[in-house]
Amino acid sequence: MMKFIKIDENSRVPKYQQIIDSIIHNISIGNLTMDQKIHSINMFSEEFYLSRDTVEKAYSILKERNIITSIRGKGFYISRTQLISKVNILFLVNKLSSYKLRTYNHFINSVGANSHTDLRIYHCDETLFLNLLDKNKSAYDYFVIMPHFKTEDLKHVSFTDKVKKAIKQIPSEKLVILDNIKPNIGETLAEIYQDFENDIYNALKEGVSKILNYKKVILIYPEKAVYPYPRRILHGFRKFCVEYKLDFEILDKVYDEMILKTGDLFITIEEADLVNLVKRVREDEFKLGEEIGIISYNDTPLKELLGITVISTDFKVMGETAAKMILNKSKGKVKVPFNFIDRDSL
């Protein structure tokens with residue numbers, strides 16, 4: 001193995017990174033193969049007159065990437081030979097919803113085969129997010145982050161002080177922010193974002209001719225959701241209703257005994273509330289799209305099949321744009337389209 005490893009004393013590339021790059025290169029050209037044993041940290045440091053800490057750091061990063069593995073009492077082995085792309089990406093999302101997964105899949109399809117992307121879920125938890133970032137901060141070429149966090153009282157917050165500090169440690173050229181605009185830290189970043197307040201406001205304006213046929217508009221906004229939603233959605237909804245002088249109400253959920261009246265229009269965010277509402281409409285024998293209206297937040301193939309009117313982010317554009325910004329090494333803010341899609345439930 002040692003005859004293949006090249007360490008350039010005159011290079012400005014850190015020695016630990018040279019070790020990583022050299023091992024990856026030799027895997028890619030077939031000099032190192034799966035399950036092949038490689039030298040111990042001590043042997044490696046002695047051979048190249050490197051500090052043990054330098055070699056240990058390189059091996060640690062290679063282990064995090066699952067490029068090598070260690071077996072207690074036996075040593076280190078090559079664990080993966082499907083390379084180990086030129087571009088390694090960590091994709092951090094707050095929850096594994098169908099929408100996030102769609103964005104991720106479109107990102108994967110667009111970024112191409114010359115990359116390896118690891119998906120990690122941090123469940124809107126600040127501590128878990130910080131641990132994932134700290135553990136992997138040296139192991140990836142790019143970090144794609146969807147920042148959504150929850151406070152102790154289950155309120156939504158885009159960024160906490162600790163999160164901003166941690167993200168600031170990532171070089172701006174390696175960072176892509178999805179969904180939320182990052183607070184200004186004096187650097188230009190790659191940002192692909194939703195404008196939660198104006199998105200719902202403008203989308204409802206697109207459907208206003210139909211919405212005005214209803215007597216009351218009810219937004220189902222979960223106040224204590226496990227994965228809380230941006231309160232900017234509420235602001236945009238209120239702004240629309242006030243501007244058009246609509247009678248409106250904001251409820252936490254669709255209640256089992258909730259009273260439905262002809263002329264009600266519901267806007268749901270969570271899938272469970274949409275399902276419960278459709279069941280109630282059918283049980284009470286209302287005509288959906290006539291006596292009772294429904295608009296759902298964010299589109300899915302099932303909603304299209306059922307004819308549910310939606311207001312929705314274009315997750316395909318979000319994923320593809322993030323991939324293009326990495327491939328083109330570009331920066332800047334890109335607003336994702338948010339659409340009103342008219343179907344039979346309105």
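## The largest cavity

The largest cavity is lined by 21 residues, and those nearest its centre are Lys95, Lys100, Asp179, Tyr229 and Asn298. Two elements, α4 (98-111) and α12 (315-327), each give two or more residues to this lining. The largest share, 3 residues, comes from α4. By class, the lining of the largest cavity consists of 12 nonpolar, 6 polar and 3 charged residues.

The model described here is predicted. A search of the whole structure finds 2 cavities of 30 Å³ or more. The volume of the largest cavity is about 230 Å³.

## The second largest cavity

The second largest cavity holds about 40 Å³ of space. Its lining is made up of Leu154, Lys155, His156, Tyr221, Pro222, Glu223, Pro228, Tyr229 and Arg231. These residues divide into 5 nonpolar, 1 polar and 3 charged.

Tyr229 appears in the lining of the second largest cavity, and Tyr229 is also one of the residues that lie nearest the centre of the largest cavity.

## Helices α4 and α12

The two helices that contribute to the lining of the largest cavity also pack against each other, at an angle of about 40° and with their axes 7 Å apart. Angles from 35 up to 65 degrees fall outside the roughly parallel and roughly perpendicular ranges, and α4 and α12 are therefore oblique to each other. Their crossing is right-handed.

On the side of α4, the contact is made by Tyr99, Arg102, Thr103, His106, Phe107, Ser110 and Val111. On the side of α12, the contributing residues are Phe315, Lys316, Met318, Gly319, Glu320, Ala322, Ala323, Ile326 and Leu327. The contact of α4 with α12 comprises 9 nonpolar, 4 polar and 3 charged residues.

## Helices α5 and α6

Two packed helices are described by the angle between their axes and the distance between the axes. For helix α5 (residues 126-136) and helix α6 (residues 161-168), the angle is about 10° and the axes lie 10 Å apart. Because of this angle, α5 is roughly parallel to α6. The crossing of α5 and α6 is left-handed.

Where do these helices touch? Glu126, Phe129, Leu130 and Leu133 in α5 meet Lys162, Val163, Ala166 and Ile167 in α6. Sorted by class, the residues of this contact are 6 nonpolar, no polar and 2 charged. The charged residues are Glu126 of α5 and Lys162 of α6.

## Helices α2 and α3

Helix α2 (residues 41-48) and helix α3 (residues 52-64) form a further packed pair, in which the axes come within 9 Å and cross at roughly 125°. The helices α2 and α3 are therefore oblique to each other. The crossing of α2 and α3 is right-handed.

In this contact, Ile41, Asn42, Phe44 and Ser45 of α2 meet Arg52, Val55, Glu56 and Tyr59 of α3. The contact of α2 with α3 has 4 nonpolar, 2 polar and 2 charged residues.

## Overview of the elements described

The predicted model thus offers two views of helix α4, which gives 3 residues to the lining of the largest cavity and packs with α12 at an angle of about 40°. The α5 and α6 pair is roughly parallel, whereas α2 and α3 are oblique to each other. The crossing is left-handed for α5 and α6, and right-handed for α2 and α3 as well as for α4 and α12.

Key
Residues numbered from 1 in each chain as written. Predicted model: local features only at pLDDT ≥ 70, side-chain atom pairs only at ≥ 80, totals over all residues. Heavy atoms only, no water. Axes fitted to C-alpha atoms, helices over the stretch in contact; angles between N-to-C directions. Helix = DSSP H or I, 4+ residues; strand = E, 2+ residues; numbered from the N terminus. Parallel < 35°, antiparallel > 145°, perpendicular 65-115°, else oblique. Left-handed = near helix turned anticlockwise from the far one by under 90°. Contact = heavy atoms within 4.5 Å. 1 Å grid on protein atoms, 1.4 Å probe; cavity = no way out; pocket = protein on both sides within 12 Å on 5 of 7 lines; lining within 4 Å. Points joined across faces, edges and corners; volume = space filled by probe spheres on them.
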